[in-house]
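Got a model open and wondering how its labels were earned? Let's take them one at a time.

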Amino acid sequence: MRLLSEKISQKRRSRFAGPVVLLIGLLLTGGLYAAFAPANADNNSGPSADEVAKGRALFQVGCASCHGANAEGILTKRGNNYGPSLVGVGAAAVHFQVSTGRMPMAQAGTQALRKKPVYNDEEISQLAAFVQSLGPGPAIPSESDYDISNLSAEEIAEGGEFFRTNCTACHNFAGHGGAMPNGRFAPKIYNDTPQQIFEAMLTGPQQMPIFSNEVLSAKDKAEIIGYVKNLNKQPQYGGFGLGGLGPVAEGTFAWLVGIGGLVIVAIWIAAHSTRSSKKKKVDA
Amino acid sequence: MSDNHELEPLPQAEPIANPGLPPHQPRPTDVDPAAERRAERQVSAFFLLAALLSLGFGFAYFTTDVGDHPTTFLGLGASTLFLGLTLGLALLCLGIGAIQWARKLMADEEIVEYRHSASSSEEDREEAIAAFQTGVEESGIGRRSLVRNSLLVGLGALGIPAIVSLRDLGPLPGNKLYHTVWKPDMLVVQDVGFNKIKPADIVVGQLVNAEPEVFSPENKGPDGEPEYTGTKLLDATAKAAVILVRMDPNDIKDKKSANWGIDGILCFSKICTHVGCPISLWEHETHHLLCPCHQSTFDLADGGKVVFGPAARALPQLPIKLNDDGYIVAQSDFHEPVGPSFWERG
């Protein structure tokens with residue numbers, strides 16, 4: 001050690017000493033920066049420029065006709081939204097709308113309907129990356145957020161309380177959905193994936209209000225999803241859901257089909273009568 | 001009328017000869033002993049099948065599980081399915097057997113029975129009236145006025161127990177309908193979770209179903225137990241439940257309503273002013289709040305004004321402000337009664 005420091009000390013007056021020290025300093029700084037700063041960026045898993053560019057290309061083909069070439073939105077002549085601006089809606093909104101097939105819309109209408117998705121998973125994440133790059137908005141939730149496999153019975157029950165407080169007014173207490181004003185409706189939710197339900201709460205698609213993570217925490221949301229999925233696992237009694245409307249639908253069915261059927265059978269019994277033209281043989 | 005006399009007088013009776021009943025036609029079972037025996041076998045087969053199905057009901061009751069881990073059959077709850085099927089079919093088989101019995105085997109000769117007058121005979125009626133008169137005479141209810149009047153007093157006094165016990169059902173409502181548990185500086189917390197809320201937690205387009213903080217189980221009464229539980233909690237919640245919504249402040253048309261909120265965050269009663277259903281179907285783009293019971297629709301951007309449906313009054317708004325820690329609190333109680341209209345409000 002002493003030998004090494006002496007050797008270095010001997011060379012310290014060399015004319016290369018300055019540049020070498022400078023070089024070492026630069027390498028060290030650059031190396032440290034490379035070691036720490038990009039690592040942080042990786043943790044954010046920000047989309048690559050390539051992904052954003054691909055998303056932009058997809059967007060300009062499939063979405064720009066309504067949302068504008070730069071997703072700035074298009075107004076109609078009367079000043080209504082033709083396609084709303086997507087700046088700041090976030091990647092989660094894009095993933096929900098496109099993965100449920102609601103976007104791209106088949107035609108302008110009261111409400112975007114669920115259909116077979118047009119884009120595959122890779123394309124959806126590229127579109128999401130592009131829209132996320134336009135302005136800050138809710139990112140696609142991580143898988144641990146909506147993981148419902150480890151929920152306890154208590155947590156699922158609490159999810160039921162959250163569900164009945166926040167969701168059932170529109171989506172029905174069995175998640176079957178219901179009618180809204182002006183021809184709109186709240187869709188049934190039990191076929192959606194946990195990720196889609198989570199994103200719907202986070203982004204408030206169409207008329208649905210937003211339930212931010214700051215108020216209804218990610219864990220609360222996971223509990224709600226756990227409850228909905230658990231509800232779906234329960235056996236159907238009788239085999240007909242009848243829209244999950246409860247006594248009204250069941251009573252209507254019993255009165256119209258049940259009692260109506262009995263009336264028809266009674267009429268049928270009274271209408272049929274076989275008679276014989278033979279005479280009874282007396283003392284046969 | 002002048003031409004009445006030109007009408008032919010009506011025939012006195014039987015304008016058309018009574019054709020009488022058509023001749024009776026026997027059924028196959030009446031004339032053919034083989035058919036008769038067959039019908040007999042059919043009837044008893046249905047009755048025995050009903051017995052078997054009732055036995056099946058008992059079997060299904062004890063072999064299928066209900067509760068947390070129900071037995072399933074083709075994805076249906078086996079217990080309910082088989083109990084319903086066996087009992088339903090057993091009753092049906094009894095019914096079919098009875099009908100078959102009546103239609104194939106019981107006598108079906110047509111007979112004629114004439115109706116009789118519904119009133120009693122003259123003698124019976126006079127006898128009953130006489131017995132009643134005798135009773136009145138003998139009891140002396142018309143003559144002995146002391147007995148009669150004291151009886152009336154005795155019967156009338158029975159009203160006292162009725163009034164007292166009905167009064168005992170509860171105190172008069174007083175001015176309870178005009179107030180809720182909201183007080184100045186009471187925290188507005190999320191329903192179920194009871195977490196406090198800062199304006200920054202709520203984004204534009206958000207809905208929060210909220211309650212006063214006193215409903216939290218953490219809020220202990222003087223006895224160390226949660227202050228609001230059971231029916232007391234339900235009664236208080238039925239009036240104090242609220243929703244917080246946030247909209248773009250530029251969308252709010254009613255200036256007073258905007259001033260009662262914080263940067264577009266408004267707090268409204270969750271109780272519909274029609275018949276008091278909890279109301280939280282909020283469309284965040286139209287700012288309309290819809291009641292699921294009778295479709296009353298309130299415009300939250302316009303002070304909760306009714307825009308559709310049977311509700312007669314605007315939705316009451318709770319004035320909110322921030323406390324020193326930056327959490328949303330109530331400025332005061334509601335300034336008007338929440339929920340349905342009532343008689344004294346006029």
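What follows is a short round of questions about labels and the cut-offs behind them.

This is a predicted model, so local features need pLDDT of at least 70 and side-chain atom pairs count only at pLDDT 80 or more, while totals for chains, interfaces and linings use all residues. Residues are numbered from 1 along each chain as its sequence is written, chains are lettered from A and ligands numbered from 1 in the order in which they are written, and side-chain values use heavy atoms, with hydrogens and water left out.

Q: What makes C277(B) and C293(B) a disulfide?
A: The rule asks for a pair of cysteine sulfur atoms within 2.5 Å. The sulfur atoms of C277(B) and C293(B) are 2.1 Å apart, so the pair passes. The link is left-handed, with -105° about the S-S bond. C277(B) sits in the loop between β6 (265–269) and β7 of chain B, and C293(B) in the loop between β8 (288–290) and β9 (297–299) of chain B, so the bond ties together parts 16 residues apart in sequence. Helices (H or I, at least four residues) and strands (E, at least two) are DSSP runs, numbered from the N terminus.

Q: How do you know that C272(B) is in no disulfide?
A: Its nearest cysteine sulfur, that of C291(B), is 3.8 Å away, which is outside the cut-off, so no bond is assigned. C66(A) is in no disulfide either: the nearest cysteine sulfur there, from C63(A), is 8.8 Å away. The search of the whole structure finds 1 disulfide over all chains.

Q: Why is C272(B) called buried?
A: Buried means under 20% relative accessible area, exposed over 50%, and partly exposed in between (1.4 Å probe, protein chains only). C272(B) has 1%, so buried it is. C277(B) also counts as buried, at 13%, while C293(B), with 35%, is partly exposed.

Q: Why is the pairing of K253(B) and D299(B) called a salt bridge?
A: The term needs a side-chain nitrogen of Lys or Arg within 4 Å of a carboxyl oxygen of Asp or Glu. Here the N to O distance is 3.2 Å, so the label fits. K253(B) lies in the loop between β5 (242–246) and α8 (255–259) of chain B and D299(B) in strand β9 of chain B, so the pair ties together parts 46 residues apart in sequence. K253(B) is exposed, at 56%, whereas D299(B) is buried, at 6%.

Q: What makes D185(B) and K321(B) a salt bridge?
A: Their closest N and O atoms are 2.9 Å apart, so the same rule is met. The two residues are 136 residues apart, with K321(B) in strand β11 (residues 320–322) of chain B. Both are partly exposed, D185(B) at 47% and K321(B) at 30%.

Q: How do you know that a salt bridge joins chain B and chain A?
A: E283(B) and R184(A) come to 2.7 Å, N to O, so they qualify. The count between these chains is 1, out of 10 salt bridges over all chains.

Q: How many residues are in contact across the two chains?
A: With contact meaning heavy atoms within 4.5 Å, 42 residues of chain B touch 37 residues of chain A.
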